[in-house]
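User: I should like to learn how terms are applied to a structure. May I put some questions to you?

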Amino acid sequence: MEGRYSLIHHVRSLLDDEEGTLYKDAPFRVALCYPSPYHVGMSSLGFQAIYREVHEHPGATAERVFLPDDVEAFKKTRTPLFTWESQAPVSSFQMLAFSVAYELELAGFFSLLELAGMPVLAEERRDGRHPLVVAGGPLTFSNPDPLEPFVDVLVQGESEELIHVLVEAAASMEREALLDHLARIPGFRVPGRGGARYHVARATDSRLPARSQIITPHTELRSMFLIEPERGCSRGCHYCVMRRTTNGGMRTVPPERVLSLIPDNAKRVGLVGAAVTDHPRIVELLRTLVDSGREVGVSSLRADRLTQELVDQLRRGGATNLTVAADGASQRMRDMVDRKHSEEQIVRAAGYARTAGMKQLKVYNVVGLPFEDETDIDELIRFTAELSRILPVALGVAPFVAKRNTPLDGAPFAGIREVENRLERLRKGLRGRAEVRPTSARWAWVEYMLAQCGPEGGLAAMDAWRAGGGFSAWKKAFEARGCEPYLARRVEDGRRNPTLWPKVPKEAPAPSAA
């Protein structure tokens, strides 16, 4: 009992530090579940937006659920998974709505169902004794297929309006009739019953912008109010899920509306979106926020959109580092994936940061793109060393993972050993002139397999999770389930240059984990 009380006490102590928490008694109760810990989930703008939307629906309320920091503590004390607002058992709610950001959160998804005392497989919940299990979130913009064996309903794309359709129907219909009904509505997919695959719903402009409901110091973005001045992207980078063809391009929100929605007590403001610096009035918005005495952070800085004035405003707003994405080891690679910026623009951005008095330049990059070779890595070494003479550089390097619904869909994984060799070449070539922060090649391969496989990939994820979740368990599970990445599918893009990116032949072999 003492152990169970400490788990509840921990949640209550975090609740005490929140501003904006919603409480509401309503007949239809939704447990809004995030399959990562609290400090990650509360940095998710989409999760917070849906929390507010459910509360605004007549007759419905939402309470949050997060993956515990210590899952084993719940098991050892036999504590049923509970919600944050009322500490009520999750299994007592009519609906569990999961927001899944990316493929590797599947393990957390399974753990939450298990802790709630519910069967993981949807086919084992057919007796009607369990809540409806729904999943949406960023993963549905690319490939939600691995979720199919475990959910009753998939909500695909932007959910601000679909959540109202879902709650209205679920509160008034019996389960079988509900599933048949939702299968006929665009944006929903009901496994085994219907619904278009890879449909990405779009919320109306009146729902924009998404913004924080709750501010808390216990997040990745400490005590920061998040709001989107734009949604989507007008660019066509071939690897990106949030590209212009995904959901109608970029939609901007007037700065006047953004400013009107920021609470007076919000001292730190984060501007979030796929292409924030592409907003035509971004400098004006930044200047107004900084002049009001607030600290400001911006996601997705584009090197070709930066000016000295923009960077100066970021510095005035408290930024000590400037972060840009190169997304290609060489100019050849950047040109191949239609990443429209040059070395000159990144060098210029570094100069802006130094002039503004910033301490570090963070550069995100990717290795393992199709047709990349050692000469591209050598170019990255030369260029990073050049940047380091302007400002200290932290180089974040992630292995390329092809995603569904992009022109590079179906591109093979470079191979774990090959990626590790290129990372080692990069480290040795830089000789300490820049800090290299790599993403694991092994876990990138696991992400790739889930991104490029169907429901069988989800079943393999379940097997790996049950076997302890180590890398060897994932390898064995993918093999046992016969998972083969899809190597021939493409989303057509009129601007793609076929001489730069030829189609992968259908007989191309699946990449190994070696």
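User: Where is Arg339 found?

Analyst: This is a predicted model, in which local features need pLDDT (the predictor's confidence in each residue, from 0 to 100) of at least 70, side-chain atom pairs count only at pLDDT 80 or more, and totals for chains, interfaces and linings use all residues. Residues are numbered from 1 along each chain as its sequence is written, and side-chain values use heavy atoms, with hydrogens and water left out. Arg339 is found in the loop between α11 (331–336) and α12 (343–356); helices (H or I, at least four residues) and strands (E, at least two) are DSSP runs, numbered from the N terminus.

User: Why does Arg339 count as buried?

Analyst: Buried means under 20% relative accessible area, exposed over 50%, and partly exposed in between, with a 1.4 Å probe and protein chains only. Arg339 has 7% relative accessibility and therefore counts as buried.

User: Which residues does Arg339 touch?

Analyst: A contact requires heavy atoms within 4.5 Å. Not counting residues up to four places away in sequence, Arg339 touches Cys237, Tyr239, Arg302, Ala325, Ala326, Asp327 and Arg334.

User: How many aromatic pairs are there?

Analyst: Rings of Phe, Tyr and Trp (its six-membered ring) pair if their centres lie within 6.5 Å; planes under 30 degrees apart count as stacked, over 60 as edge-to-face and the rest as tilted. By this rule there are 17 aromatic pairs.

User: What makes the pair of Tyr38 and Trp84 stacked?

Analyst: The ring centres of Tyr38 and Trp84 are 4.5 Å apart, with 10 degrees between the planes, and the pair is stacked. This pair links distant parts of the chain, 46 residues apart: Tyr38 is in helix α2 (residues 38–41), and Trp84 is in the loop between α4 (71–76) and β3 (95–99). Tyr38, at 4% relative accessibility, counts as buried, and Trp84 does at 7%.

User: Why is the pair of Trp474 and Phe478 called tilted?

Analyst: The ring centres of Trp474 and Phe478 are 5.7 Å apart and their planes stand at 40 degrees, so the pair is tilted. Both residues lie in helix α17 (residues 471–480), four residues apart, about one turn of the helix. Trp474 and Phe478 are both buried.

User: Which residues form one aromatic cluster with Tyr38?

Analyst: Tyr34, Phe47, Phe66 and Trp84 form one aromatic cluster with Tyr38.

User: How is confidence distributed along the chain?

Analyst: The mean pLDDT of the chain is 93, and 94% of its residues reach 70 or more. Over residues 489–510, pLDDT stays under 50.
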